[in-house]
Amino acid sequence: MYLEKIESPSDLKQLNAEERGILASEMRNALLEKISVCGGHFGPNFGIVEATIALHYVFDSPEDRIVFDVSHQSYCHKMLTGRKDAYLDPAKYNDVTGYTCPEESEHDIFNVGHTSTSVSLACGLAKARDLMGGTENVIAVIGDGALSGGEALEGLDFAWELHSNLIIIVNDNGMSISDNYGGLYQNLKTLRESNGKAECNIFRSLGFDYCYLKEGNDVEKLIEVFQKVKDIDHPIIVHINTVKGKGYVFAEEDQENYHWKPPFDIETGKNKRTFTNENYDDIVCDFLLDKMKKDKTVVAMAAGVPLTIGFHAEKRKAAGKQFVDVGIAEEHAVAMAAGIAKRGGKPVFATHSSFFQRTYDQISQELCINRCPATLLVRNASVWGMNDVTHLGIFDIPLLSNIPNLVYLGPTNKQEYLAMLEWSIEQQDHPVAIRIPRNGVHYAKDPVDLDYSNLNQYKLCERGSKIAILALGDFFQLGEETSALLEQESGIKPTLVNPRYITGIDVDFLRGLEQEHTIVVTLEDGILSGGFGEKIAAFYGTSGMRVLNYGLKKEFIDRFNPNDILLENRLTASQIVEDLSLLAR
């Protein structure tokens, strides 16, 4: 087995053509075995096996700098740079991250998990190299829809200015995470169909030299092309045509669902776990499809990840022109939503919490200054969301809740979520964001309000005394558990409150609590610094009220177990009751 003997790219360079072909098969087998057990980015890595072998055969990493866009297609790179045991030995499967990580290896230049950054990062590396008199190659590897991101286009526009070595490998498999959208990808299609000879060539128009390779999964032809561009003295695009999911028939036939794949059975391709419980992706998709049928002005929007709100291919087809995928371009999506709203449409844009980080300027400038009544659905905003350090969903409350004119809502159950969504779509006064619960689908015990126009009015759920618990969003169930345990163990029946509004405080309600309460507890599923609880603490700052804020410490955490993080931050009912019992004595 050749893969077992690869400790560094220098070992790869000793293999002949036949051996390199065998190595590619071994790498796919290793990927198949590991991802079938652990889950992971399947299609991107199966499609780039040969290109990765050729890269490390021709170039001299880490002296030559290779930057992988998003870096979710770096599994093969890790195999060839001293980390193959993490793909061969089940006991070591969790030894590496799913993205490039400098802490793991000198061959990884950056921690990268967000899209469209590789060209800009490579431009920076090349600029510093030129200033310092270096001679190494700088290579950016971009694909899977990353070219649709604004930063990628900005980087491509600037690259010509370098007038020095910069090699950009466009890994074109005809797909983004789902389908490709946009005129740029039509040009890539034209280039593929013309074998790279079409007169209309976006890369040449930006000043790049350009070459095309149809056989992007042929190791030897890739080596030949890479050898020609190595040490080049100007920016060049190497456009390679690959097959996403190549080598596994189920992945080749269903490229969208095999972009990222949970654990599955190798023989059948079926997931090992099937989720039969309700989930908010399907709930909101069905809700929006029903709204679209009744109102042609409702528009559901996604940015390269339509499954974020359950829009599988057949549901996208059912929505027709009322579904928009802008590609991986969240900034454009928010600004476009502002335009739709300004013209009288009813846009609903959904993406992951960590991806909303890219849209701060558009939310502030286009939506909120102009008071455009668009709806933003914030997914995976939780300690129970994605747990890679680059995809954390715990920073959105400080990010969004301090933008003027934005109404940020935290529903606690299914009925409240749908009521808030219905109100948001139909109202015309505010840009609204809704934090989608992440702790399972819970049902309301009492009727929920249908109108949220009277902003920042908290909801009293259980009346008590001495201690008031303000349990925000999907930490409301933690508040219920804490309340019940506190009464059981101390005899104190606390007041339980559903704040609902993340962006404001209910002054009258909070003043009223001072009559019969001495302690206020806030619970929020996000970092404390700049968050909801600190607003409550600041409000009571000059009073005698004791305020305890419970949430997450401000830090980057990676590949964590949510239960461990909750324990570390004293976010369990028993820990909170222990703290309160000490204070209440």
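The legends below go with close-up views of this predicted model.

A quick note first: residues are numbered from 1 along each chain as its sequence is written, and side-chain values use heavy atoms, leaving out hydrogens and water. Because the model is predicted, local features need pLDDT of at least 70 and side-chain atom pairs count only at pLDDT 80 or more, while totals for chains, interfaces and linings use all residues.

**View 1. Helix 2, from cap to end.** Helices (H or I, at least four residues) and strands (E, at least two) are DSSP runs, numbered from the N terminus. At the N-terminal end of helix 2, N16 acts as the cap, with a side-chain oxygen 3.1 Å from the backbone nitrogen of E18. With 22 residues at 1.5 Å a residue, helix 2 should span 32 Å (1.5 Å times one less than its number of residues). Its end C-alpha atoms sit 31 Å apart, which agrees. After helix 2 comes G39, with a positive phi near 80°.

**View 2. Helix 4, tucked in.** Nine of the ten residues of helix 4 (residues 49-58) are buried, so the rest of the structure largely encloses it. Buried here means under 20% relative accessible area, with a 1.4 Å probe and protein chains only. The buried set includes E50, T52 and H56.

**View 3. The largest nonpolar core.** A nonpolar core is a set of buried Ala, Val, Leu, Ile, Met, Phe, Trp, Tyr and Cys residues joined through side-chain atoms within 4.5 Å. This one has 49 residues, and L23, M27, F42, I53, I167, I169 and F226 touch the most other members. Helix 2 (residues 17-38) gives the most to this core, with seven residues. Neighbours within four places in sequence aside, F226 is in contact (heavy atoms within 4.5 Å) with A51, A54, L55, V58, F59, I169 and V238. A second, separate core has 43 residues, among them A303, I363, Y408 and L510.

**View 4. The six-stranded sheet.** Here's an open sheet with parallel pairing and strand order 9-8-10-11-13-12; two strands pair if DSSP finds at least two bridges between them. Strand 9 (323-325) and strand 12 (407-409) are at the edges with a single partner strand each, so one side of each has no neighbour in the sheet. Three bridges join strand 12 to strand 13 (residues 432-435), and L409 has I434 as its bridge partner in strand 13.

**View 5. A helix on the sheet.** Helix 19 (residues 414-426) packs on the sheet and touches strand 8, strand 10, strand 11 (375-379), strand 12 and strand 13. Its direction makes about 165° with that of strand 13; axes are lines fitted to C-alpha atoms, for helices over the stretch in contact, and angles run from 0 to 180 degrees between N-to-C directions.

Definitions and conventions:
Buried < 20%, exposed > 50% of the residue type's maximum accessible area, 1.4 Å probe, protein only. Polar contact = N/O pair within 3.5 Å; in protein donor to acceptor, adjacent residues only side chain to side chain.
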